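Biologist: I'd like to learn how to read a structure like this one. Could you walk me through it?

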Amino acid sequence: MNTKIYTIGSLEQDTDKLAEAGQILRDGGLVVFPTETVYGLGGNATDAEAAKKIYAAKGRPSDNPLIIHIAEPRDAEAYAETSALYYRLAAAFMPGPLTLILPKKETIPHSVTGGLDSVAVRCPAHPIAHALIAAAGVPIAAPSANLSGKPSPTCAAHVIDDLTGRVDMILDGGDCEIGLESTILKIDCDVPVLLRPGGITYEQLCAVCGHVEIASAVIGQLAPGERPLSPGMMYRHYAPATPLILVRGERAAVTAYLRERQAEGCGVLCYAEEADVLLPERRIILGHRDDPAEQAQHLFTALRDADAFGAPTIFAHYPDEHGMGLALCNRMIRAAAHTVVEV
Ligand code: TXA
Ligand code: MG
């Protein structure tokens with residue numbers, strides 16, 4: 001398949017490119033587009049065949065459901081059973097990095113929801129994503145635009161590496177601002193359940209919902225045979241090819257441990273504050289120690305780049321679990337396949 005790659009500079013000047021992308025989606029094709037979280041691999045959410053193409057392009061198991069991207073919170077009415085809580089959360093956080101799980105309506109084929117009777121709905125804030133949904137005139141089903149098993153793409157270069165020849169069009173809108181996928185909250189049940197932490201934090205959700213449960217798979221490891229609430233949590237995810245190990249302990253001890261591993265030929269993901277104590281080679285600075293949002297923005301690029309060291313192992317800090325740190329922790333602990341050393 002020939003993949004067209006368009007850079008979108010300004011929405012006003014690039015209306016023709018967006019109209020062409022919208023037409024591809026209406027015709028059942030696939031378009032990769034930027035969002036404020038990560039790039040999405042989009043197809044028409046009301047078209048069962050488009051969903052099959054998405055799974056094939058990603059190499060993803062088809063029982064892992066897709067998120068439906070809509071322009072406005074009220075557009076969910078056509079596809080899902082909404083509720084007062086849905087509109088409270090929408091007023092607080094949409095458009096933005098929040099996905100809500102609701103009971104689905106017949107308009108969304110089961111092939112999009114992996115056979116589930118619920119559907120994930122998200123209203124992205126990115127202007128290009130918003131313009132593309134408008135140009136398509138249909139809701140867009142989109143998983144992250146990486147090959148299954150690779151970290152989610154946070155810039156067009158990642159997408160071009162993974163999906164050239166597998167999709168009809170890639171819209172390059174530059175770097176994603178948040179860098180981790182949206183927060184997913186299940187609200188088709190009595191107590192809302194946080195399935196995946198992201199740019200909207202647990203603390204922010206509690207302020208609107210009152211009590212929120214955190215699914216055990218967010219940080220914990222699933223017991224053998226246990227089925228997670230979100231099918232995506234079953235799969236090995238966000239994984240660099242090089243094994244990643246997280247290091248937890250007192251600040252100076254962790255820095256010293258990273259320095260020793262580096263001297264042995266391993267790679268490290270570190271904080272800006274300790275960078276000059278470490279060797280300049282095989283070192284990627286994630287961001288400042290107390291700025292998890294900055295670290296989140298760089299994490300997936302760092303995981304991809306770390307593979308280029310050709311090191312036997314990569315070591316990184318175990319993040320603080322509060323605020324945006326919970327999202328970082330969730331991605332890093334899964335990338336590390338739960339391997340943590342205490343120093
Ligand atoms: O930020 C994001 O959410 C990005 C951008 C493109 O919007 N999308 C994204 O999609 O991360 P994906 O497919 O990579 O992750 C969606 C997750 C999967 O783990 C899937 O299992 C879960 O959402 N999910 C989707 N529908 C669900 C449902 N009905 N019930 C439970 N989990 C669901
Ligand atoms: Mg994904």
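Modeller: Sure, and keep in mind that this is a predicted model. Let's begin with a helix pair: Pro292, Gln295, Ala296, Leu299, Phe300 and Leu303 in H8 meet Gly325, Leu328, Arg331, Met332 and Ala335 in H9.

Biologist: How do I describe two helices that pack like that?

Modeller: Two packed helices are described by the angle between their axes and the distance between the axes. Here, helix H8 (residues 292-306) and helix H9 (residues 325-335) have axes that come within 9 Å and cross at roughly 20°. Angles under 35 degrees count as roughly parallel, so H8 is roughly parallel to H9. H8 passes H9 in a left-handed crossing.

Biologist: At what angle do helix H1 and helix H4 pack?

Modeller: Helix H1 (residues 15-26) and helix H4 (residues 127-136) pack at about 55°, and their axes are 8 Å apart. That angle makes H1 oblique to H4. The crossing of H1 past H4 is right-handed. On the H1 side, the contact is made by Leu18, Ala21, Gly22, Leu25 and Arg26; on the H4 side, by Ile128, Ala131, Leu132, Ala135 and Ala136.

Biologist: And what about H3 and H6, how do they pack?

Modeller: For helix H3 (residues 84-93) and helix H6 (residues 202-209), the angle is about 130° and the axes are 10 Å apart. H3 is therefore oblique to H6. Their crossing is right-handed. Leu85, Arg88, Leu89, Ala92 and Phe93 of H3 make the contact with Gln204, Leu205, Val208 and Cys209 of H6.

Biologist: Now the rings. How many aromatic pairs does a search of the whole structure find?

Modeller: The search finds two. In one of them, Tyr86 and Tyr87 are edge-to-face, with 5.0 Å centre to centre and 85° between the planes. Tyr86 is buried, at a relative accessible area of 0%, whereas Tyr87 counts as partly exposed at 32% relative accessibility.

Biologist: Why is the pair of Tyr257 and Phe315 edge-to-face?

Modeller: Look at the planes: planes over 60 degrees apart count as edge-to-face. The rings of Tyr257 and Phe315 have their planes at 75° and their centres 5.7 Å apart, so the pair is edge-to-face. This pair links distant parts of the chain, since Tyr257 is in helix H7 (residues 251-263) and Phe315 is in strand S15 (residues 314-317), 58 residues apart.

Biologist: Is Tyr257 buried or exposed?

Modeller: Buried means under 20% relative accessible area. Tyr257 has 19%, so Tyr257 is buried. Its partner Phe315 counts as buried too, at 5% relative accessibility.

Biologist: Which residue lies over the face of Tyr257?

Modeller: That's Arg261, at 4.5 Å from the ring centre. Elsewhere, the charged end of Lys17 sits over the ring of Tyr6, 5.7 Å from its centre.

Biologist: Last one: how do I read the surroundings of a single residue, say Leu246?

Modeller: Start with its place, which is in strand S12 (residues 244-248). Leu246 is buried, with a relative accessible area of 0%. Then look for neighbours from elsewhere in the sequence. Not counting residues up to four places away, Leu246 touches Ala316, His317, Tyr318, Met332, Ile333, Ala336, Thr339, Val340 and Val341. Take Ala336: along the chain Leu246 and Ala336 are 90 residues apart, yet their C-alpha atoms are separated by 6.7 Å.

Biologist: And Met332 ties back to where we started, then?

Modeller: Right: Met332 is among the H9 residues that meet H8, and Met332 is also one of the residues Leu246 touches.

Technical notes
Residues numbered from 1 in each chain as written. Chains lettered and ligands numbered in written order. Predicted model: local features only at pLDDT ≥ 70, side-chain atom pairs only at ≥ 80, totals over all residues. Heavy atoms only, no water. Phe/Tyr/Trp six-rings, centres within 6.5 Å; stacked < 30°, edge-to-face > 60°. Buried < 20%, exposed > 50% of the residue type's maximum accessible area, 1.4 Å probe, protein only. Helix = DSSP H or I, 4+ residues; strand = E, 2+ residues; numbered from the N terminus. Lys NZ or Arg CZ within 6 Å of the ring centre and 35° of its normal. Axes fitted to C-alpha atoms, helices over the stretch in contact; angles between N-to-C directions. Parallel < 35°, antiparallel > 145°, perpendicular 65-115°, else oblique. Left-handed = near helix turned anticlockwise from the far one by under 90°. Contact = heavy atoms within 4.5 Å.
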